[in-house]
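Me: Before I rely on any label attached to this protein, I would like to see how each one is reached. Could we go through them one at a time, setting each value against its cut-off?

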Amino acid sequence: METRIHFGTDGWRGRIAEEYTFDNVRRCAQGFASYLLDQGQGGQTIVVGYDKRFASEHFAAAVAEVLAGNGFRVLLTNQATPTPVISYAVVAQGAAGAVNITASHNPPTDNGFKVRDRHGGAIAPDGLLEIERRIPTIEGVRRLPLEKAQAQGMVEYFDPAPAYLEQLGRLIDVQPIRDAGLTVLVDAMWGNGAGWFPRLLGGGRTRIIEIHAERNPLFPEMNRPEPIPPNVDAGLRQTVELGADVCIINDGDADRVGLGDEQGRFINQLQVYALLALYFLEVRGERGPIVKTLSTTSMLEKLGRLYNVPVYQTGVGFKYVAPKMLETGALIGGEESGGYAFRGHVPERDGLLAGLYLLDLMVRTGKTPSQLIEHLYARVGPHYYDRVDRRFDESLRAATRQRILDARPKTIGGLTVTGLDTTDGFKFGLEDGGWLLIRFSGTEPILRVYCETTDQARVQPILHDGLRIAGLA
């Protein structure tokens with residue numbers, strides 16, 4: 001029986017050599033090709049890129065063969081390329097969309113298949129369902145062998161970097177960062193972001209030190225290339241050892257960013273999002289809507305009130321964030337996983353640009369990362385966050401969902417429950433303005449329990465109650 005392929009929070013992911021096989025990748029490519037053909041986009045250009053995981057370049061070539069076999073012109077990246085660079089290439093090349101072979105932050109056993117629309121952003125959920133419906137059996141796949149496709153001009157290798165670098169030059173002046181004399185430790189997590197910060201910021205007084213910059217699909221010194229503890233611990237230690245001013249961390253495909261301060265302490269993703277919003281609103285003086293997933297910080301609503309900008313909340317994943325950004329003309333959009341997108345760019349997470357903006361925030365304010373957190377808290381008050389991930393038996397999903405619905409807790413972590421939002425999972429509002437969220441991952445068999453509160457002592461009790469509500473305590 002062929003694998004049933006399901007597009008989750010951001011595309012399809014699977015274990016290499018089990019469900020993630022060449023045949024199944026080709027089936028996905030055929031589903032995407034059929035979707036575009038049915039939309040009347042036959043004969044257009046599709047960008048195909050890939051990451052540094054095991055055999056990614058070969059899976060990408062297989063995708064290119066299928067797209068060419070369906071009459072599309074394919075621009076195939078000439079090397080492993082950051083996801084935001086691939087996404088911007090869609091716009092720069094006037095393409096109909098993109099396929100990206102990457103499993104982003106998943107464990108080393110996995111690989112993935114992401115699709116993007118003509119804006120370079122994630123395709124909305126209804127579009128993903130249409131692609132899923134068109135995924136055929138392997139007998140329904142049309143292919144044109146790579147050599148023939150190249151000879152016929154249907155597949156061409158290209159370098160997407162120059163157009164992306166020009167775009168960054170329109171969005172940010174990096175010369176003050178180059179001249180600032182900072183020492184910046186960059187943890188590339190063995191991924192596609194390696195080499196980019198030296199390329200962007202080299203040639204001035206600022207010194208860039210890269211670690212985990214080679215290709216190693218086993219991702220040593222971390223469980224997975226996800227920019228959260230404990231995966232970031234080695235980089236944070238080296239930040240202190242080398243006397244760096246800041247640690248910038250990118251995930252495996254460089255669409256997310258993590259941040260460590262000058263004392264080697266991790267600045268969590270919710271704090272980073274609030275800092276980025278403060279950068280645009282206070283430092284750059286820009287105005288516009290903010291789009292956030294329901295799993296990210298309530299500090300954004302407080303900043304929205306302070307600076308008189310609307311804040312829109314969506315389900316988890318850029319398949320919700322990107323369409324909302326386009327609809328509202330948002331200044332910034334982001335999610336709890338450390339992915340942020342910006343106005344004037346593509347509606348897609350960009351960990352490279354986000355890193356530059358964070359460095360610019362330091363330079364313009366003259367503050368260290370720890371001082372920036374103090375400055376943020378002076379505006380919105382302290383907020384504390386944590387998350388617990390637990391693997392679960394997929395067969396128990398329905399029973400677990402019903403158990404959470406039936407729980408109807410009056411208090412969580414000693415705080416009165418003020419409401420329940422079931423837009424995406426189960427988000428319990430708390431009396432201090434904080435929240436507890438319980439939701440199933442859209443990419444792995446994992447149940448995530450998250451919380452944010454204004455009292456640090458309540459974080460672990462809230463999480464414990466969340467696990468208990470889900471039957472996992």
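**Labels and the values behind them**

Reply: R458 has a relative accessibility of 26% and therefore counts as partly exposed, and the model from which this value was computed is a predicted one.

Me: What makes D455 partly exposed, and how do you know that D455 and R458 form a salt bridge?

Reply: D455 has a relative accessibility of 32%, and because partly exposed covers values between 20% and 50%, the label follows. The side chains of R458 and D455 come to 3.6 Å, N to O, and because a salt bridge requires a nitrogen of Lys or Arg within 4 Å of a carboxyl oxygen of Asp or Glu, the pair qualifies. Elsewhere, salt bridges that share partners join K114, R116, D253, D255, E335, E348 and R349 into one network, and the search of the whole structure finds 31 salt bridges.

Me: Why is the pair R256 and D251 called a salt bridge, and are its two residues buried or exposed?

Reply: The N to O distance between the side chains of R256 and D251 is 3.9 Å, and since the limit is 4 Å, the pair is counted and therefore called a salt bridge. R256 has 5% relative accessibility and counts as buried, and D251, at 0%, counts as buried too; the label follows in each case because buried means under 20%.

Me: What makes K324 and E327 a salt bridge, and where do they sit along their helix?

Reply: Their side chains meet at 3.3 Å, N to O, which is within 4 Å and therefore satisfies the rule. Because they are three residues apart in helix α12, about one helical turn separates K324 and E327. K324 counts as partly exposed at 21%, whereas E327, at 59%, counts as exposed, because exposed begins over 50%.

Me: Which residues of α12 are buried, and what covers them?

Reply: The buried residues of α12 are F318, K319, V321, A322, M325 and T328, and their cover includes α4, β12, β13, β14 and β15. Just after this helix, G329 takes a positive phi of about 65°.

Me: How do you know that K52, which is buried, has no salt bridge?

Reply: The nearest side chain of opposite charge to K52 is that of E210, 8.1 Å away, and because a salt bridge needs a distance within 4 Å, none is assigned. K52 lies in the loop between β2 and α2, and a polar atom of its side chain lies 3.3 Å from the backbone oxygen of G191. Leaving aside neighbours within four places in sequence, K52 is also in contact with residues including A80, W190, N192 and R215.

Me: Why is N268 called buried, and what does its side chain reach?

Reply: N268 has 11% relative accessibility, and because buried means under 20%, the label applies. N268 lies in the loop between β11 and α10, and its side chain reaches the backbone nitrogen of L270 at 3.0 Å; this counts as a polar contact because the limit is 3.5 Å.

Me: What makes the backbone at S104 and A254 worth a remark?

Reply: Most residues other than glycine have a negative phi. S104, in the loop between β4 and β5, has a positive phi near 55°, and A254, in the loop between β9 and β10, has a positive phi near 65°. S104 counts as buried at 0% relative accessibility, and A254 also counts as buried at 0%.

Me: What is the form of the peptide bond from P229 to P230?

Reply: The bond from P229 to P230 has omega near 0° and is cis, and P230 lies in the loop between β8 and α9. Most peptide bonds are trans.

Me: How many cavities are counted, and what lines the largest of them?

Reply: The count comes to four cavities of 30 Å³ or more, and the largest cavity holds about 190 Å³. Of the 19 residues lining the largest cavity, T9, R256, V316, S337 and R448 are the closest to its centre.

Me: Which residues lie nearest the centre of the largest pocket?

Reply: Of the 38 residues lining the largest pocket, H6, S441, G442, T443 and E444 lie nearest its centre, and the volume of this pocket is about 900 Å³. Elements that each supply at least two residues of the lining include β1, α12 and β20.

Conventions
Residues are numbered from 1 along each chain as its sequence is written. This is a predicted model: local features need pLDDT of at least 70, side-chain atom pairs count only at pLDDT 80 or more; totals for chains, interfaces and linings use all residues. Side-chain values use heavy atoms; hydrogens and water are left out. Helices (H or I, at least four residues) and strands (E, at least two) are DSSP runs, numbered from the N terminus. Buried means under 20% relative accessible area, exposed over 50%, partly exposed in between (1.4 Å probe, protein chains only). Lys and Arg count as positive and Asp and Glu as negative; His and the chain ends are not counted. A polar contact is a pair of N or O atoms within 3.5 Å; within protein, one must be able to donate a hydrogen and the other to accept it, and residues adjacent in sequence count only if both atoms are side-chain atoms. Contact means heavy atoms within 4.5 Å. On a 1 Å grid over the protein atoms alone, a cavity is a set of points where a 1.4 Å probe fits but cannot get out, and a pocket is an open set with protein on both sides within 12 Å along at least five of seven lines; lining residues have an atom within 4 Å of a point. Grid points are joined across faces, edges and corners, and a volume is the space filled by probe spheres set on the points.
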